[in-house]
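Work through the exercises below with the sequence and the 3D structure open. Try each task before reading its solution.

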Amino acid sequence: MEWKYFPLVFLILLSIIISISTSLNENQSIDEIVSIYILKYQSKNENLDNNNNKNKNNNNQNNNNINYRNNSNYKNKNINIWVHFNEKFLTNNKIELNYFDISEKSKNRRFYRGNKNKNNNNNYNNNNNNNNNNNNNNNNNNNNNNNNNNNNNNNNNNNNNNNNNNLIKKNNINNNYNININNNFIDESDYPINQKYIDEILRIGNSENNSTIMKERKRSKWLNSVSFSIVINEEMLSPQQSSPDKLKEILQLIVSNQFVERISIVNQLNIPNTKNNQYIETNNNVKKNQQKLQDTNIFNEIKSELIDDESNESNVYNGIDYGKSYSQLSQIGVLEAHKLGYKGNGTTIMVIDTGFLKSHESLLGLKIHGERDFIQHSDNTESGGLKQISHGTFVLSQIGGNKPGKIIGVAPDADYILAKTEIVSEEIPIEEDYLIESIEWGESIGADVVSISLSYTQNYEYWQRDGTSPLSKAIDIATDKGVVVVVASGNDGEIGVGPPGDSRFAITVGAVDNFGDIATFSSYGPTSDGRLKPEVSAKGVLCFGADDSEIDSYRYTSGTSHATPLIAGSVALIIEAHPNWTPIQIKEVLLKTASQSQSPDNFKGFGIINVVSAINDQPSNTIEDDCISNNGLIINNQCICSHNHSLNGITDSCSLKIRCSFVCSFNKGKCSEYDCFRCLNPNEKEESNGREKCQPISDINQENPNLSNISKIKYPLFLIITLIILKIIIQ
């Protein structure tokens, strides 16, 4: 063979290897889904051998060789899967803008705060700096000339002061549409999923003899994915085929389509850790893990005692009586922000929760921009009874309540979007689908901030909590479109932070008490892929809010649920002051002005926020993609908490704190030998692939890796100087 053909042969062999590898990964995914199906429905601790005899101890038997016929546990049982499609193969890039059903406010937010239009970061940030000096030149559109076919904004020379910052969007929105809209507001994630793909999947899943029935559950155009429910009717199967066999056959047919990228299972509720039994409430023989709502009821016995306290002069600030909400607002600087006139005017906050008692006296003045019940498919989020709407009512009052003398929320002047996605009486996987659907909807009608006091930690093993769940990815896409998403870290303590709090770009919130100490229940990090979570903290112990039992009743309760709306409302105040700051910039100013910004940790993150300090601060004037891609954070133009030590500042200790360690082993995972930040499935086999093994943390503490480059220069230099001195002495 001539050498000139060697590159071609090499490429062919490489393609074959990649194809085989892809096929193996698909089969492994299918086998994993089938195994979960088996474990879900087979009799506890019992298998069936090849003769249909129950075998309680045959744990080593291969699932593929087990005959599951006559096992009644499989009759008409379902499993839910996500089907993730490849590109949408768009044929018409000039679809009318109205087709996308995106509001004017959403288009405007995407233009000013979405990542797609921030190609010139330096000019963009310089413009923001001018905003803070009350002499703002509205030059944002100049930064996008390359993308906008050189169509300039007609208002480039309009000078605006801080009092008009919140009107920038309205004043310029008409002129912005002289631009090529599709290039600036619409990307592939906004296009609908190809209906032919969905039809073909349904055709595969619905057999002619009704042995399998497949139904579409929810679709996400952002993720280009659809969740399906598959029901296998064992009675209609042939005698030679079992339910697991039939499931495997269907899944193999699905992944054989070229338009299918991959499939994954919709995670199910895991058995709660015994540590969380104190959070389980019993009511009418219904047990529900309140962990999901991040709202503990362990303080019930002292609620009524504290609620009877009368308001006093210490709750008054700047002539306004904040009632018992005073302390939770004072701790994070909200009172001072209110004094400066920042109360959320011009911003839109979306609250996603269980439902809301809108008739409560503290919520009567709420400006509702839109609402939707994703459970009942209606436009009323107050349905479902008191038990259903309790949690959401409390959370909403913390952020938007306005009843002087009793409660004032963080952002009482903001507009609100209300979404009901959480079913209190039962725990079912479709709630995550509802949440994804609600985020896409809220973004499309103009949400600036999303507050999510929900967590699905119990649906995922620790090593799965790495920001790759469909829910966490949806939050990252919302952030890319200019929405700031604020999420509760959870009440799981060392169990760790789970979706959606493990999202890469969400602001994840921990809970502290009135003294600033971390709450014992507050979930702490890092994530299983080695990122600092939570990032910030606020009061989450004995928070004050509206009670749904009466329209004028209030109560105290605790949980990271109630720290979250305090942070979300604070974000709205920052947006009111700086309407053009991106989500990354807003996160940065919150982090670097928080109480322990110099020494962040996995418990409180960067600490308790100070919203006034954040408003008066300035974000970095550059955004380093290398830092962000290595899970780092940009603080004061410096990369910290990155997995790449060469990017981190010399004094950065954050990277040491997010290495895989105790939380992984506590949750029965194993730390990777080669990726020092990654927690793995304990059954996963790992190969070096040329990587070096990780140094033990004790060794790293003795020798700071950030000083290694300096050491390489320092010691040779010392040796040279010593030799020169010796030569001088000898002479």
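The exercises cover a sheet and its helices, the disulfides, a pocket and a cavity.

This is a predicted model, in which local features need pLDDT of at least 70 and side-chain atom pairs count only at pLDDT 80 or more, while totals for chains, interfaces and linings use all residues. Residues are numbered from 1 along each chain as its sequence is written, and side-chain values use heavy atoms, with hydrogens and water left out.

**Exercise 1. The sheet**

Task: give the order of the strands in the open sheet, and state the sense of their pairing.

Solution.

Step 1. Find the strands; helices (H or I, at least four residues) and strands (E, at least two) are DSSP runs, numbered from the N terminus. Two strands count as paired if DSSP finds at least two bridges between them.

Step 2. Read off the order: the open sheet has 4 strands, arranged E6-E7-E3-E8, with antiparallel pairing. Its edges are strand E6 (212–220) and strand E8 (260–265), each of which pairs on one side only.

Step 3. Take the twist. The average turn between neighbouring strands of this sheet is 25°, direction ignored. Axes here are lines fitted to C-alpha atoms, for helices over the stretch in contact, and angles run from 0 to 180 degrees between N-to-C directions.

Step 4. Look at one pair in detail. Strand E3 (residues 77–85) is joined to strand E7 (residues 225–232) by 8 bridges in the antiparallel sense. His84 has Ser225 in E7 as its bridge partner. In general, the strands of a sheet pair through backbone hydrogen bonds.

**Exercise 2. Helices on the sheet**

Task: which strands does helix H7 touch, and what angle does its direction make with that of E7?

Solution.

Step 1. Apply the contact rule, heavy atoms within 4.5 Å. Helix H7 (residues 243–255) packs on the sheet and touches E3, E6, E7 and E8.

Step 2. Take the angle: the direction of H7 makes about 150° with that of E7.

Step 3. Add helix H6 (residues 195–205), which lies across E3, E6, E7 and E8 and runs at about 155° to E6.

**Exercise 3. The disulfides**

Task: how many disulfides does the whole structure hold, and how are the bonded cysteines paired in sequence order?

Solution.

Step 1. Search for cysteine sulfur atoms within 2.5 Å of each other. The search finds 5 disulfides. With the bonded cysteines of the protein chain numbered in sequence order, the pairing is 1-2, 3-4, 5-7, 6-9, 8-10.

Step 2. Take Cys627 and Cys639. Their sulfur atoms are 2.1 Å apart, and the link is right-handed, with 85° about the S-S bond. Cys627 sits in helix H17 (residues 625–629) and Cys639 in strand E25 (residues 638–640), so the disulfide ties together parts 12 residues apart in sequence. For accessibility, buried means under 20% relative accessible area, exposed over 50%, and partly exposed in between (1.4 Å probe, protein chains only). Cys627 is buried at 2%, and Cys639 is buried at 8%.

Step 3. Take Cys660 and Cys671, whose sulfur atoms are 2.1 Å apart. The torsion about their S-S bond is about -85°, so this disulfide is left-handed. Cys660 is buried at 11% relative accessible area, whereas Cys671 is partly exposed at 33%.

Step 4. Take Cys676 and Cys694, joined with an S to S distance of 2.3 Å. The link of Cys676 and Cys694 is left-handed, with -105° about the S-S bond.

**Exercise 4. A pocket and a cavity**

Task: which helix gives the most residues to the lining of the second largest pocket, and which gives the largest share to the lining of the largest cavity?

Solution.

Step 1. Fix the terms. On a 1 Å grid over the protein atoms alone, a cavity is a set of points where a 1.4 Å probe fits but cannot get out, and a pocket is an open set with protein on both sides within 12 Å along at least five of seven lines; lining residues have an atom within 4 Å of a point.

Step 2. Describe the pocket. The second largest pocket has a volume of about 420 Å³, and of its 18 lining residues the closest to the centre are Asp101, Lys221, Glu440, Trp441 and Ser444. Helix H12 (430–444) and E6 each supply at least two lining residues, and H12 gives the most, with 4 residues.

Step 3. Describe the cavity. The structure holds 4 cavities of 30 Å³ or more, and the largest contains about 280 Å³ of space. Of the 21 residues lining the largest cavity, the closest to its centre are Arg504, Phe505, Lys587, Gly632 and Leu633. Helix H15 (583–592) and strand E24 (633–635) each supply at least two residues of this lining, and H15 has the largest share, 5 residues.

Note on methods
Grid points are joined across faces, edges and corners, and a volume is the space filled by probe spheres set on the points.
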